[in-house]
Amino acid sequence: MAKVNVYSIKGEVTGEIELPQIFEEVYRPDVIKRAVISMQTARIQPWGSDPMAGKRTTAESFGSGRGAAMVPRVKGSKHPAGSKAAFVPQAIGGRKAHPPRVNTIYHEKINRKERILAIRSAIAATANKELVEKRGHQISNLEQIPFVIDDELETVKTTKETREIFKDLGIMDDILRAKKGRKIKSGKGKLRGRKYRTPSGPLVVVGNDRGISLGARNHAGVDVVEVNNVNAELLAPGTHAGRLTIYTKSAIEKLGDLFQQNRS
């Protein structure tokens, strides 16, 4: 396997490390897409309307012979609703024609080996410079892809410190891209606590989170994850692989033993 440089938090080369075999996995965008969609649909909470909505009425059809439409009509004549159409979908206050039902299955399931293959393929895609650039990440100031940094990064706990580190490493351009790309969504999501859409920025994969999640969480588009918990959706937001990913040295060392599968 190829060797890559390991950088300090000041942006200086401190040594080399050999990339594990997982970075040679075949790029499978079809499998990656299935794995991401499976994770997204697993979060959907089934819901449905009241099965009796619009049906709590005395309405019955008059039948033929009156020169009127044979829709069900409310019984009685001495109250405002008397003789008005009800129950049917085209009537005001009637039932829905095809209401949402709680027994609808939204979750797109995926096989275990297929999910592991997707993660392996998405990790390999983070080392493909063409795919990273195609996603729109700003990597002109980075000397190599994937970018490996010393484990000292895991202990940084403040936004001020991480800002200076990202500037020294050349990652700040991509964070600014994500910050400037923050847009107000269309639709009713604005009323429900999800007003903005922020583009995905760098992903920081660490061996052990010793405070870096606190230091990086205020930067637009930045996600931090321990290598044991990395998944296809983090590596390929929106099903598009090739996210700019920063690995710590310990994360690279652990990757060699993770996400193994029997290919027989």
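**Strands, rings and charges in a predicted model**

Strands S8 (residues 203-206) and S10 (residues 245-248) run side by side in the parallel sense, with three bridges between them. One of the residues involved is valine 205, whose bridge partner in S10 is tyrosine 247. On its S9 side, S8 is again in a parallel pairing, this time through four bridges. Here valine 206 takes part, and its bridge partner in S9 is glutamate 226. The side chains of S8 are split between two directions: Leu203 and Val205 point one way, while Val204 and Val206 point the other way. Whichever way they point, all of them are buried.

It helps to step back to the whole sheet. Strands of a sheet are held in pairs by backbone hydrogen bonds, and the pairing can be parallel or antiparallel. In this predicted model, six strands make up an open sheet with mixed pairing, and reading across it gives the order S2-S1-S5-S10-S8-S9. The edges belong to strand S2 (13-18) and strand S9 (223-226); each has a single partner strand, so one side of each has no neighbour in the sheet. On average, neighbouring strands of this sheet are turned by 30° against each other, ignoring direction.

How sure is the predictor, and where is its confidence lowest and highest? The average pLDDT of the chain is 93, and 98% of the residues reach at least 70. The lowest confidence is found in S2, with a mean of 92, and the highest in helix H1 (residues 29-42), at 97.

Next come the aromatic rings, which give two aromatic pairs. In the stacked pair, tyrosine 7 and phenylalanine 147 lie 4.7 Å apart centre to centre, with 15° between the planes. Tyrosine 7 belongs to strand S1 (residues 3-7) and phenylalanine 147 to strand S5 (residues 147-149), so this pair ties together parts that are 140 residues apart in sequence. Tyrosine 7 has a relative accessibility of 2% and therefore counts as buried. Phenylalanine 147 also counts as buried, at 2% relative accessibility.

The edge-to-face pair is made by phenylalanine 23 and tyrosine 247, at 5.7 Å centre to centre and with 80° between the planes. Because phenylalanine 23 sits in the loop between S2 and H1 and tyrosine 247 in strand S10, the pair links parts that are 224 residues apart in sequence. Both phenylalanine 23 and tyrosine 247 are buried. Tyrosine 247 has thus turned up twice: as the bridge partner of valine 205, and as a member of this ring pair.

Rings can also have a charge for company. The charged end of arginine 66 is placed over the ring of phenylalanine 62, at 4.2 Å from its centre. Likewise, the ring of tyrosine 196 has the charged end of arginine 182 over it, 3.9 Å from the ring centre.

Tyrosine 196 leads on to isoleucine 184, a residue of strand S6 (residues 183-184). Beyond its neighbours within four places in sequence, isoleucine 184 is in contact with Lys190, Lys195 and Tyr196. There is also a distance to look at here: the C-alpha atoms of isoleucine 184 and threonine 198 are 9.0 Å apart, with the two residues 14 places from each other along the chain.

Key
Residues are numbered from 1 along each chain as its sequence is written. Side-chain values use heavy atoms; hydrogens and water are left out. Two strands pair if DSSP finds at least two bridges between them. Axes are lines fitted to C-alpha atoms, for helices over the stretch in contact, and angles run from 0 to 180 degrees between N-to-C directions. Contact means heavy atoms within 4.5 Å. pLDDT is the predictor's confidence in each residue, from 0 to 100. Buried means under 20% relative accessible area, exposed over 50%, partly exposed in between (1.4 Å probe, protein chains only). Rings of Phe, Tyr and Trp (its six-membered ring) pair if their centres lie within 6.5 Å; planes under 30 degrees apart count as stacked, over 60 as edge-to-face and the rest as tilted. A charge sits over a ring if NZ of Lys or CZ of Arg is within 6 Å of the ring centre and within 35 degrees of the ring normal.
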